[in-house]
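Student: I should like to work through this model step by step. May we begin once the structure is on display?

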Amino acid sequence: VLFRSACFDPESLPRPFDPDAAALARESFAERGEAERAFAASAAGRALLDALAGHSPYLADLAIRESGALLALAATGPEDAFARALDPLGRIDPATPRPAVAALLRQAKRQGALAAAVADIAGLWPLDRVTGALSDLAEASIDAACAHLLREAAARGELRLSGAARAEPRLVGRHSGLVVLGMGKLGGRELNYSSDVDLMVLYDPTVAAYHADRAGAVYVRIARDLVRLLEERTAEGYVFRTDLRLRPDPAATPLAVSIPAAITYYESMGQNWERAAMIKARPVAADRAAGESFLREIRPFVWRRHLDFAAVADIHSIKRQIHAHKGAKGAHATIRVEGHDVKLGRGGIREIEFTAQVLQLIWGGREPGLRDPTTLGALTALAAAGKIDPAAVADLSKAYVFLRNL
């Protein structure tokens, strides 16, 4: 009865592209236990396993490995399943050793990604809920990892943390001096299944370090360990690939940059592409209040009140560089179906995002209502403000949703 009343309609699921792979996955799933065997034999279970394993080896592995989570998801729905996946990350015991923390992070990633995938493929969640859930998964993982690393630094005598912060995971990041900004799709809550997480790690040397002149080494170590904790591949898998190259002057700066140095950089040397990158920036872990304060401080750099035609020309040059990087015979040379790059190709996702960001940079300094970090939100705001034709926004938004779903 439980399987016949699954939260999804078996008829709505895609048929397997590779029936042999689907059959093999069903057999492996059934070997996990009696409940799994009954589910694989049911119409709902067969349809779901075929839809996952008949197209994606990654999802086949998740379904088998996290069979209990998949059974619970089929019974109660993806919202409950996703919440259960993230719940342990907020309750990690302070005494948990790093290998066990790494295992918990990878388990949450597996279960959270599986819940989002089923909700997406079964049509239970719209695009913004899917990408928002994946962004929530990344944010919870990064925050849990930072809490663990901050406690380790405090145990080594490198940082001051209150007793309450050491005991309560949700309080560890407060007043820690560590700022982690989510950039790109993570910052805009538009994360893909396969996205890297773009992060900027900053620190305030005067807040928690015992010796301000040595704070840099402490926070750089935390940043390095954060990357390792998230992206190292183990028997449990990995959490997220992590990219720190959007920090100020990445070729010349350490992995963690002091907040005063970052502010000085943006006020004196910041580039227009960095202005565009900061549109989506938001604090995702550790000392969020310090992160918000930093973003307020550099707001005049990102949002200029006067139109700067040299900056507009610079923005156009960024687009030309993208085309040159893809090559004359590459993604922008012809319109085609086979081999078309839906992200970077002609008329692709990146061009829609670029359109919104250029218009935001031009007009957002004068009109704060245009500073929406999401692509669809920005397009809607621009149309409402008369900066772009509503019919064009409708076309771009429809294309964006289609390409993201694709």
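Student: Is Asp20 buried or exposed?

Tutor: Please note at the start that this is a predicted model. Asp20 is found in helix α1. A residue counts as exposed when its relative accessible area is over 50%. Asp20 has 63% relative accessibility, so it counts as exposed.

Student: What separates the C-alpha atoms of Asp20 and His55 in space?

Tutor: Along the chain, Asp20 and His55 are 35 residues apart. Between their C-alpha atoms, the separation is 11 Å.

Student: Which residues of helix α4 are buried, and where on the helix do they lie?

Tutor: Helix α4 covers residues 57-65, and its buried residues are Leu59, Ala60, Leu62 and Ala63. Seen down the axis of α4, these residues fall within an arc of 165 degrees, so they line one face of the helix.

Student: Which helices do the buried residues of α4 pack against?

Tutor: Packing is judged here by contact, that is, heavy atoms within 4.5 Å. By that criterion, the partners of the buried residues of α4 are α1, α3, α5 and α7.

Student: Which residues does Ile121 contact, apart from its neighbours in sequence?

Tutor: Ile121 is placed in helix α7. Its relative accessibility is 29%, so Ile121 counts as partly exposed. The C-alpha atoms of Ile121 and Ser12 are 8.9 Å apart, although 109 residues separate the two in sequence. Leaving aside neighbours within four places in sequence, the contacts of Ile121 are Leu13, Pro14, Ala51, Leu52 and Leu59.

Student: Where do the buried residues of α6 lie around its axis, and which helices do they pack against?

Tutor: The buried residues of α6, which spans residues 78-86, are Pro78, Ala81, Phe82, Ala85 and Leu86. They cover an arc of only 130 degrees around the axis, which puts them on the same side of α6. The helices they pack against are α5, α7 and α8.

Student: Which helix gives the most residues to the largest nonpolar core?

Tutor: In soluble globular proteins, nonpolar side chains tend to be buried together. The largest nonpolar core here has 82 residues, and those with the most contacts inside it are Leu70, Leu159, Leu178, Leu199, Tyr219 and Ile222. With 14 residues, the helix that gives the most to this core is α8.

Student: How many residues make up the second, separate core?

Tutor: Among the members of this second core are Tyr265, Tyr266, Phe294 and Val358. The number of residues in this separate core is 27.

Student: Why is α17 described as largely enclosed, and how many of its residues are buried?

Tutor: Helix α17 runs over residues 349-363 and reaches 22 Å from its first C-alpha to its last, close to the 21 Å expected at 1.5 Å a residue. Its buried residues include Ile349, Phe354, Val358 and Ile362. The helix is largely enclosed by the rest of the structure because, of its 15 residues, the number buried is eleven.

Student: What is the C-alpha distance between Glu338 and Pro14?

Tutor: Glu338 lies in the loop between α16 and α17. With 73% relative accessibility, Glu338 counts as exposed. Glu338 and Pro14 are 324 residues apart in sequence, and their C-alpha distance is 21 Å.

Student: Which helix supplies the largest share of the lining of the second largest pocket?

Tutor: This pocket holds about 840 Å³ of space. Of its 36 lining residues, the closest to the centre are Tyr58, Leu134, Asn192, Tyr193 and Ser194. The helices α4, α7, α8 and α19 each supply at least two residues of the lining. The largest share, seven residues, comes from α7.

Student: What is the phi of His175, and what is that of Arg189?

Tutor: Most residues other than glycine have a negative phi. His175, in the loop between α9 and β1, has a positive phi of about 60 degrees although it is not a glycine. Arg189 lies in the loop between α10 and β2. Arg189 is likewise a residue other than glycine with a positive phi, and its value is near 55 degrees.

Definitions and conventions:
Residues are numbered from 1 along each chain as its sequence is written. This is a predicted model: local features need pLDDT of at least 70, side-chain atom pairs count only at pLDDT 80 or more; totals for chains, interfaces and linings use all residues. Side-chain values use heavy atoms; hydrogens and water are left out. Buried means under 20% relative accessible area, exposed over 50%, partly exposed in between (1.4 Å probe, protein chains only). Helices (H or I, at least four residues) and strands (E, at least two) are DSSP runs, numbered from the N terminus. The arc is that of the directions from the helix axis to the C-beta atoms. A nonpolar core is a set of buried Ala, Val, Leu, Ile, Met, Phe, Trp, Tyr and Cys residues joined through side-chain atoms within 4.5 Å. The expected span of a helix is 1.5 Å times one less than its number of residues. On a 1 Å grid over the protein atoms alone, a cavity is a set of points where a 1.4 Å probe fits but cannot get out, and a pocket is an open set with protein on both sides within 12 Å along at least five of seven lines; lining residues have an atom within 4 Å of a point. Grid points are joined across faces, edges and corners, and a volume is the space filled by probe spheres set on the points.
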